[in-house]
Amino acid sequence: MSINVIVGGQWGDEGKGKIVDLLSKNVNIVARYQGGSNAGHTVYHNNKKIILHQIPTGILRENNVCILGKGMVVDPDGIIEEIECLNNNNIDFNNRIIIDYYAHIVTPLHKLIDKINEEKSGGKIGTTCKGIGPTYQDKYQRIGIRAIDLLDIKLLKKKIEERTKIAIDRSEICEDDLLNINLNDYYSSCIKIKDFINDSFPVLFNKDKSNILIEGAQGTLLDIDHGTFPYVTSSNCSSGGISTGLGIPGNKLDSVIGIFKAYVTRVGGGPFPTELFDENGKQLQSIGKELGATTGRVRRCGWFDIVAAKYSACINGLTGIALTKLDILDSFDTIYVCTHYEYKGSKITEMSKVLNYLDEVTPVYKQFKGWNCSVEGSRVFEDLPEEAKVYINFLSSEIGVPIEIISIGPKRHQILNLQ
Ligand code: GDP
Ligand code: IMO
Ligand code: MG
């Protein structure tokens, strides 16, 4: 039995989907512990691009049972769309999806409240409008609706009616807004996903049969407690969320692999010390095809940030790193890495000191010579150009965690395994 973890080391979209796809080859359970359809995990299956939002990426491998853990917020309409995508790609999911009884459920009302809140704030946080914040809010207020409630549609309807009344009483929405909600389609989605709803405990804790891969969504800097609050998502995306979201305690985890892009991106609002507004930023965005997998928004781009990465390594207890999108740096003459920040005349090497003032820090960079050639043909670390090796070794030694996997393209085979 082994339990290994994949978490986002930055602000999300690091390429978690690709690495989960790689590592799910040798496991029998892939489980998500937090978030919902705000995630967009891209994988290539038979050369076709597939984006998964809620169903764990392990669904592409027949050997896996996929668990949507109780720490998630699950959108039934979204599940139906993903199922259609799986059907269209001839991926058999029979008896391979479990939505935990106690996962909270996103309703059209939650999505509407999310959208209205975003509009009212002038898009300050730039949420995905998938109803994530409002659904977690209901959970913590203990008025949320859970997957188990979907097993009794009459009860579900009553709960949704009650929640809608609360929304109107609190002026979260007005009566006219209800015209934008189609509950009939929603209820039919709820009925269609009933068979997936079950108790994940006996599956997760079946000692004879479980090699488990845990799939994080979002990234450490979007974590509600450890991220750049309030510009965060509403869950614990870092590895700490696993103990609550799946019930698997930290001392049962065999490895925690942090996924980092070879540079940094962020989508939505919030501070981003190494963000680039120059030609280099534009180049990273266009070569890296940095468009959000869930919302299609342009991702902000910047250089690799060691201060943030070290913080992330600590928070998650990283045992290894997978570095993705190295190929995107192929054509840069000079590559920069932020080694520390300056804040009010002081040198800052610890993120926690400035987490609340991150938009006021100045990044200080070390320069690296670019390799100016394609890494595409490399099969092992030794094949990489010398300049790339220097860059990778520097990141690894500064963060203090070994880089175990390097991704050099979006497809399954474009990977260097360093172990
Ligand atoms: P996730 O949310 O962390 O799973 O990441 P996304 O799927 O949102 O975004 C990562 C994007 O980078 C996707 O379009 C992937 O296909 C792509 N990708 C992943 N690894 C690599 C890589 O090594 N090189 C290139 N060029 N693209 C990659
Ligand atoms: P994956 O799993 C990148 C961002 C949103 C917004 C903030 C809050 O694909 O890496 P939310 O809808 O969660 O309330 O939005 O979090 N965000 C992500 N950014 N990747 C994601 O997921 C994200 N999920 C949420 O853009 O800034
Ligand atoms: Mg993504």
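**Ligand 1 and the magnesium site in a predicted model**

The shell around ligand 1 in this predicted model is made up of seven charged, seven polar and five nonpolar residues.

User: How do you know that Asp327 makes a polar contact with ligand 1?
Analyst: An N or O atom in the side chain of Asp327 is 2.7 Å from a nitrogen atom of the ligand. Because a polar contact requires a pair of N or O atoms within 3.5 Å, the pair with Asp327 qualifies. Taken alone, ligand 1 exposes 590 Å², of which the protein buries 93%.

User: What makes the backbone of Gly409 a polar contact of ligand 1?
Analyst: A backbone N or O atom of Gly409 lies 3.0 Å from an oxygen atom of ligand 1; the limit is 3.5 Å, so the pair counts.

User: Why is ligand 1 said to lie between domain 1 and domain 3?
Analyst: Both domain 1 (2-100 + 197-256) and domain 3 (261-417) give residues to its shell, so ligand 1 lies between them.

User: What makes Asp13 and Gly40 donors of the magnesium ion (ligand 3)?
Analyst: Asp13 (OD) and Gly40 (O) lie 2.1 to 2.3 Å from the ion; donors must be within 2.8 Å, so both qualify. Asp13 is in the loop between strand E1 (2-8) and H1, and Gly40 in the loop between strand E2 (29-32) and E3, so the pair ties together parts 27 residues apart in sequence.

User: Why is Gly40 called buried, and why is Asp13 called partly exposed?
Analyst: Gly40 has a relative accessible area of 11%, which is under 20%, so Gly40 is buried. Asp13 has 22%, which falls between 20% and 50%, so Asp13 is partly exposed.

Definitions and conventions: Residues numbered from 1 in each chain as written. Chains lettered and ligands numbered in written order. Predicted model: local features only at pLDDT ≥ 70, side-chain atom pairs only at ≥ 80, totals over all residues. Heavy atoms only, no water. Polar contact = N/O pair within 3.5 Å; in protein donor to acceptor, adjacent residues only side chain to side chain. Areas by Shrake-Rupley, 256 points an atom, 1.4 Å probe, with all protein chains shown as cover. Nonpolar A, V, L, I, M, F, W, Y, C, P; charged D, E, K, R; others polar. Domains from an automatic or database assignment. Donors = N, O, S within 2.8 Å, 3.2 Å for Na, K, Ca; no water. Helix = DSSP H or I, 4+ residues; strand = E, 2+ residues; numbered from the N terminus. Buried < 20%, exposed > 50% of the residue type's maximum accessible area, 1.4 Å probe, protein only.
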